Amino acid sequence: MAVAWLDDVRSADIESVGGKAASLGELTGAGLPVPSGFVVTAGTYREFIEDAGIDEELFSAVDVDHEDTEALREAHERAHELIMNTPVPDDVREGILAAYQDLGDGERFVAVRSSATAEDLPDASFAGQQETFLNVQEDALVERVKECWASLFSQRAIYYRNRQGFPHDQVDIAVVVQEMVDAEKSGVLFTSHPSTGEPQIIIEAAWGLGEAVVSGSVSPDNYVIDRDTAEVETITVADKKMMMVKDEETGETIETEVPDEKRSARVLSDEEIEELVALGERVEDHYGTPQDVEWAIHEGEVYMLQSRPITTISDDEESAEAAAGANGGQVQAGDTSQSGDVLFRGLGSSPGIASGEARIVTKLDHLDQVGEGDIIVTEMTMPDMVPAMKRASGIVTDEGGMTSHAAIVSRELGVPAVVGAGSATRQLEDGQPITIDGDKGTVSEGAEPKQETPEPIEEARPKTPVKPMTATEVKVNVSIPEAAERAAATGADGVGLLRIEHMVLSLGKTPTKYIADNGERAYVDELVDGIRTAAEAFYPRPVRVRTLDAPTDEFRQLEGGDDEPHEHNPMLGYRGIRRSLDNPDLFKHELEAFRRIFEMGYDNVEVMFPLVNDAEDVFRARNLMEQAGIDPTKREWGVMIETPAAALEVESMAETGMDFVSFGTNDLTQYTLAVDRNNERVADRFDELHPAVLKLIGDTIETCRDLDVRTSICGQAGSKPQMVQFLVEKGVSSVSANIDAVRDVQHEVKRVEQRLLLDSVR
C-alpha cells in the first residue's frame, strides 16, 4: 500500500512513517483531536527511487563535502532534478488520489507535510528541514508529495544531516496529508518551560493559521499557567499586526492585516486556555516527557496539529559535568571577590570574574602560546586573535573602550574582559597569576582557586522564566559567526547586525591578497560559511548582514595591507559603501556569497549596506545587487543610517525600494558631534543621547513610518535604557542589543509599551 491512515499509525511505526506522522498517529490513537489524514509511507518513497533506478545516483550526488558551498549547491540541484523529473508510478499516484477522495467530500483543502525518519526524535529534532504545503487540493497533490520527497535533499538538509552524522542513504521520508484546519486562532503550547523545565505551561496564540507563530513573523499573545495550581500567572497581549489565512478566491495561503478591533484583543478566552492546558497535560502524560505542541481552533473546536519532545531543557547534572571539564581558568559571573591587591583599573567591558596566568601578546605569532584558561594581555585585540580569545578565560587590553573589538567580541564569547588598562602589557610578567573583574574593571594580583566554569551558551540563556512579548522586536548584535549559537540562546527575535568585516579580517589578509593566494571561490566560500553559521543558528529568525566596512588602518595591519592608503582619519576615509562602489569587481564577491546563501534556502538573511550618504549611493548598490543575480524585490535589504547626510536624505533613499534602515549610533554620534570615538582625549564628549543625535534619529523614524520603511538600531546605544525608551516612544520597529543585554532590553521595551498603552486610554 502506498499510504497508511493516521488511525492505524503508532510511535512504533516511525521507520515507515517518520517522526511527525508517528506522533500524529499516536495522538489520534490516544483519542486526542487530530485532523483526519493519511501518510504516503517512507517505503513508498524508497520504492519510488529504487524502482526508477535513481537511488545510487541520488546518494552519490549528495556525497559531497558539506563545507564546500558550490558542491553543496550542485548536489541539491542534481537531487531535486532526479526526483522531480522522475514520474510517479501509476499505482502510487492512484493510491494517493484515492485516499484523498476518501477524506471528507473529496474536495477538501489539505496540508501536505514532510515526515522524515530522522525528525522530531528525542535526541535529533530536525524539524523545519523539509517542506510543508498548506491549502492543497487534488490537482496539485501528487506534485506536492514529490516536492516533499525532494526537500529531503535541500542544501540546508544535506548540510545539517552531514553535521549530525546521519547517512543520507539511511534516511527516508514519508509525507503526511491532513485535512486543513481553517483556523481562526492558533499557536504553540509548551507543557513545561522550554529552557528551565519549570512546571509552567506556556501558550502562544495568534489569529489565523499557525504558520505565522511558528515562523516568528508575528508577535503572539503569551499565557503562562502554573501547573501546580492551574492558575494563569501572566497574560501578555501583543499587538498582532498580521495573520495568515486562506484566500477564499484562490485557496492559497496569504498574509493579511489583522482587523483593527482584533490587533490588541486577547486571542484566548479563559475557557480555551483551560481546554488547551488539559490537552497539553494529556499529551505529556501519554508520552511521559515534556512536549512542544502545535494547535489550532476552528468554530470553537481545538485541534492538535503536531507534538514533539522539548529538546531545549538542560540537564543540570550534565551541565555541571561539562562545566567541570571546561577551561582551566574559571569564570564566575557575579562573583565580586578579589584574590589580591588591585594592580590596574580599566573599563569592565565584559562581565564576570576570571583567573589564570597572564599571557602577554605583543605579536600575532605569540597567539600560539595562549593555552586553555590563560588570560590574554595585549595592547589591543584584532580579528585574527579570535581563535585564541576563545581559548582564553579572560582578556585585558592596554587600549580601547566599550566599543572596541576586544569589548564587543569578549561580550559575545562570554569571556570576561577589562579594556583600557593602560600599561598592563609592560608591567605584568608572562605567566604571572592574575584575577580580572569584568564588572568592576580591575586586574588584581594572584589567582582564585579553580572553580567550575559555566558553559558560555548556557550563561547567555535568560534566567527569567518567560520571554517578555513585545510589539517592538528585540534582536541581538553578532560580531563574529562563532558567537551565533550563544546569541541564539538569548531568545532574541533575530540578528540586527552581523559584520562581514570581522569574517574578512580574521583571514589575516586583505581580500585582494587572499584572492591572489587562494582564488575567488575560496574567498566567497569563507564568507558563505560565516554567514551560514549565523543563519543556521537563528533560522527562521532574520539575520541582518552588513557588507564590508573596514577602515584602512585595520586593513593595513593585514598581509597585503601595504597597498592601503595612509589616511589622517580613517574613520572619515575609504570605508563602507564608498569602498565597495569604488571596487565593484571586489564587491561582487560579497554579493555572490549572498546569492549562494539564498540559493541554499536561508531566506532569513537580509542584506545591509553601510555608510551610505544619499539615494545615489543606494541606487548604485542596488544595481550591483541585481547584477549579481539577487532580486531586490524578493529579498529583504536596507541601509545603515550612520551620517547626518543619510538621516536627512532618508526620504529620497526610500525611493530605491529598500525595506529597512538601521541606526549605527557609534558612527552617527561621532559624525554629528565631531568626536572621534577612538580618541581618549575627547571620549567624555561622546554622547549617543545628545539632543542633536536624538533629533536625527527621531525625525528619521517619523519619516520612515510615513513611508512604510522599517527602522531599527544596531549600535551600542541600543542596550541603554534611556535610548530604548526614546526609540520605543518614537515607534522604532526593532532594537538590537548586545548579547548580555537582550533580556534586560526586552523587559525595558515591554515596560515602555505598556506605559504608552495605559497613557492612551487614561
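This section describes a helix, aromatic contacts, internal cavities and two sequence-distant residue pairs in a predicted model.

Helix α19 covers residues 520–538. At 1.5 Å a residue, its 19 residues should span 27 Å, and the C-alpha atoms at its two ends lie 28 Å apart, in agreement with that expectation. The buried residues of α19 are Y523, V524, D525, L527, V528, G530, I531, R532, A534, A535, E536 and F538. Charged side chains, namely D525, R532 and E536, are thus listed as buried in α19 together with residues such as V524 and L527. An α-helix has 3.6 residues a turn, so residues three or four places apart point the same way.

Seven aromatic pairs are present in the structure. In one of them, Y45 and W149 adopt a tilted arrangement, with 6.1 Å from centre to centre and 55 degrees between the planes. Y45 belongs to helix α2 (residues 42–51) and W149 to helix α6 (residues 138–150), so this pair ties together parts that are 104 residues apart in sequence. Both Y45 and W149 are buried. A further pair is formed by Y539 and Y602, whose ring centres are 6.4 Å apart; their planes meet at 85 degrees, so the pair is classed as edge-to-face. Y539 is located in the loop between α19 and β25 (543–546), and Y602 in the loop between α22 (584–599) and β26 (605–609); the contact therefore ties together parts that are 63 residues apart in sequence. The two tyrosines differ in exposure: Y539 is partly exposed, with a relative accessible area of 26%, whereas Y602 is buried, with a value of 0%. Ring pairs also link Y45, F48 and W149 into a cluster.

Aromatic rings additionally take part in contacts with arginine. The charged end of R144 sits over the ring of F133, at 4.9 Å from the ring centre. For R544, the charged end is placed over the ring of F660, 3.5 Å from its centre.

The analysis of internal space gives four cavities of 30 Å³ or more. The largest cavity holds about 70 Å³ of space. Its lining is made up of Y523, L548, R579, S580, N583, L586, F587 and E590. The elements contributing two or more residues to this lining are α21 (576–582) and α22, and α22 provides the largest share, with three residues. By class, the lining comprises four nonpolar, two polar and two charged residues. Y523, one of the lining residues, is also among the buried residues of α19.

Two further residues illustrate spatial relations between separated positions in the chain. A111 is found in strand β3 (residues 110–116) and counts as buried because its relative accessibility is 6%, under the 20% cut-off. A111 and T132 are 21 residues apart in sequence, and their C-alpha atoms are separated by 7.3 Å. D744 is found in helix α29 (residues 742–761). With a relative accessibility of 56%, D744 counts as exposed, the cut-off being over 50%. The C-alpha atoms of D744 and S719 are 8.3 Å apart, although 25 residues separate these positions along the chain.

Note on methods:
Residues are numbered from 1 along each chain as its sequence is written. This is a predicted model: local features need pLDDT of at least 70, side-chain atom pairs count only at pLDDT 80 or more; totals for chains, interfaces and linings use all residues. Side-chain values use heavy atoms; hydrogens and water are left out. Helices (H or I, at least four residues) and strands (E, at least two) are DSSP runs, numbered from the N terminus. The expected span of a helix is 1.5 Å times one less than its number of residues. Buried means under 20% relative accessible area, exposed over 50%, partly exposed in between (1.4 Å probe, protein chains only). Rings of Phe, Tyr and Trp (its six-membered ring) pair if their centres lie within 6.5 Å; planes under 30 degrees apart count as stacked, over 60 as edge-to-face and the rest as tilted. A charge sits over a ring if NZ of Lys or CZ of Arg is within 6 Å of the ring centre and within 35 degrees of the ring normal. On a 1 Å grid over the protein atoms alone, a cavity is a set of points where a 1.4 Å probe fits but cannot get out, and a pocket is an open set with protein on both sides within 12 Å along at least five of seven lines; lining residues have an atom within 4 Å of a point. Grid points are joined across faces, edges and corners, and a volume is the space filled by probe spheres set on the points. Ala, Val, Leu, Ile, Met, Phe, Trp, Tyr, Cys and Pro count as nonpolar, Asp, Glu, Lys and Arg as charged, and the others, Gly among them, as polar.
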